[in-house]
Amino acid sequence: MRVTQIEIKKLGINGEGIGYINKKVCFVDNALPGEVVEVELDNTNPKYYKGKVKKYIKQSLYRQKTICKEDEHCLGCSLTCYEYNQQLIYKKDLLKDALRKYTKLPLKYLPMKDTIAADKTVGYKNVVNLPVTYFQGKVRFGIYQRESKYLTLMDQCITQSPLINECLQQIEDILNECHVRDYNEKFKKGLRFIRMRLIHNQIQVLFVTGNDGLKDEVVKRISRIPAVKSIWYTINTARYQDFDMKGYTKLYGDSKLSFECLKQPYEISIKADYPINPEMEEVKLSLIQSMIDEGDILSLNCGMGLLELALDHDIVAVDEKKENIQDAQANMKLLHKNNVEFICHNVDKTVISRCRRKTFDYVIARGEGLSDAMIQSVILSKARNIIIVSDHPSTLAKNLEALKDNYKIKTMIPLDSYPYTAKFDTIVHLIKH
């Protein structure tokens, strides 16, 4: 393969370095803006190069010693060697780039805030979904990286909660002592995946297994881990990995776990969605809450209703996942509230039908963005405020371009919910012209 030097001009949407060779773009992992690197080129794609760093000729002032021992191989976090304050600037720049590419908005005059830093930059992930593998004679929780056969062991990941890592190590030991094996496609037996959620210092454990399920001895020993409050399993022998399609069976512990958000108590079941980074989720919800004055609300992709149940407004809240709505309705009873109508239905169809009936003071849109039909319905309904929450800058930018003739941006706030990765959230508050 060809080896050459290249100057890195900026970072791409996945945190990869970007440079140019004869005006042709070159993507380089583990390279930062301002660096000059010697790279080995892969030119198999006619549209761009991919370069692998062989040597750093000139290093960035903002390069730091990586915080992750698996940094060379693991593709989970792309910014572990980048000074944290620079990550915040990079994420704001990604948002600007998306707006520049997909909108005609006057970027210079937009009320865009600086990226809000995370309070906790490591150990922030409270939800993990990991494959069960057999590696070097042991059952381990690990991920085989794309484009290689390297296995990243995930029981010491720096972005995962230390308590989750501790429990993963204990469970690995138990599985091996009980001679449990990983999934065998031919016999449809063994363990496929483990899902672990840390909810207010309490751990929910879910195993995805073959037809043999989980040994009683394994359940008994895992239940003795102090932090583990419930153990579940689901059998899935299909090739697809949509494990929520199957029913869950409780083997030990509590059906629901309690936690607090926005100064209110909640209970969550095993299938309802829980935020990966609960601390930054609460920051995000508090910001949205501060944008809302009087009036009624249409809330899209509401999850289990953490925001909606913290408000006293009249609210129609919709989500397509029935377990989210079931938990939301149960928590509404727990909190003795009756101001929210929770609906389990297709979000697009709900927006269209509800916006025909009335004008909402606020439409809160979360998820994968607003479809053209949703945007048209909201515009025709003359909703007074729109609050969009998105972790896809390009989709967000396209939505803002479609709304610009009818709404102006009051504020735009990037939020670093996922430190050391290229991912982040943005909250945009729009008001009708």
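Let's start with F27, which counts as partly exposed, at 25% relative accessibility. Keep in mind as we go that this is a predicted model. F27 has a partner, Y48, and that residue is partly exposed too, with a relative accessibility of 29%. Together F27 and Y48 make an edge-to-face aromatic pair, with 5.4 Å from centre to centre and 75° between the planes. Where do these two residues sit? F27 belongs to strand β4, residues 24–28, while Y48 is in the loop between β5 (36–42) and β6 (49–58), so the pair ties together parts that are 21 residues apart in sequence.

There are 4 aromatic pairs in the structure, and I'd like to show you one more. The ring centres of F259 and Y274 lie 5.3 Å apart with the planes at 85°, so this pair is edge-to-face. It links distant parts of the chain, since F259 is in strand β14 (residues 257–261) and Y274 is in the loop between β15 (264–268) and α4, 15 residues apart. Are F259 and Y274 buried or exposed? Both of them are buried. Y266 joins in as well: F259, Y266 and Y274 form one aromatic cluster.

That brings us to the cores. The largest nonpolar core has 43 residues, and F259 and Y266 are among those with the most contacts inside it, along with I268, I288, I292, F342 and I387. Which element gives the most to this core? That is α4, with 4 residues. If you'd like one residue to click on, try I292: leaving aside neighbours within four places in sequence, I292 touches I297, L311, H313, Y362, I364 and I387. There is also a second, separate core of 42 residues, which includes L32, L79, A397 and Y407.

Now to the sheet. In this open sheet, 7 strands follow the order β18-β17-β16-β19-β20-β22-β21, and the pairing is mixed. Why do β18 (340–344) and β21 (407–415) each have a side without a neighbour in the sheet? They stand at the edges with a single partner strand each, so one side of each is left free of a neighbour in the sheet. On average, neighbouring strands here are turned by 15° against each other, ignoring direction.

Let's zoom in on one edge. Strand β17, residues 315–319, pairs with β18 in the parallel sense over 5 bridges. Within that pairing, V318 stands opposite I343 in β18.

Two helices lie across this sheet. Helix α4, residues 278–290, lies across β19 (362–365), β20 (385–390), β21 and β22 (425–432), and runs at about 160° to β21. Helix α6, residues 347–357, lies across β16 (297–300), β17 and β18, running at about 165° to β16.

My last stop is Q160, in the loop between β9 (151–153) and α2 (162–177). With a relative accessibility of 3%, Q160 counts as buried, because the cut-off for buried is under 20%. What does the side chain of Q160 reach? It reaches the backbone oxygen of M154, at 3.0 Å. The side chain of Q160 is also joined to the side chain of N165 by a polar contact of 2.7 Å. Setting aside neighbours within four places in sequence, the residues in contact with Q160 are G123, K125, V128, L130, M154, N165 and L168.

Thanks for listening, and do have a look around for yourselves!

Terms used
Residues are numbered from 1 along each chain as its sequence is written. This is a predicted model: local features need pLDDT of at least 70, side-chain atom pairs count only at pLDDT 80 or more; totals for chains, interfaces and linings use all residues. Side-chain values use heavy atoms; hydrogens and water are left out. Two strands pair if DSSP finds at least two bridges between them. Axes are lines fitted to C-alpha atoms, for helices over the stretch in contact, and angles run from 0 to 180 degrees between N-to-C directions. Contact means heavy atoms within 4.5 Å. A nonpolar core is a set of buried Ala, Val, Leu, Ile, Met, Phe, Trp, Tyr and Cys residues joined through side-chain atoms within 4.5 Å. Buried means under 20% relative accessible area, exposed over 50%, partly exposed in between (1.4 Å probe, protein chains only). A polar contact is a pair of N or O atoms within 3.5 Å; within protein, one must be able to donate a hydrogen and the other to accept it, and residues adjacent in sequence count only if both atoms are side-chain atoms. Rings of Phe, Tyr and Trp (its six-membered ring) pair if their centres lie within 6.5 Å; planes under 30 degrees apart count as stacked, over 60 as edge-to-face and the rest as tilted.
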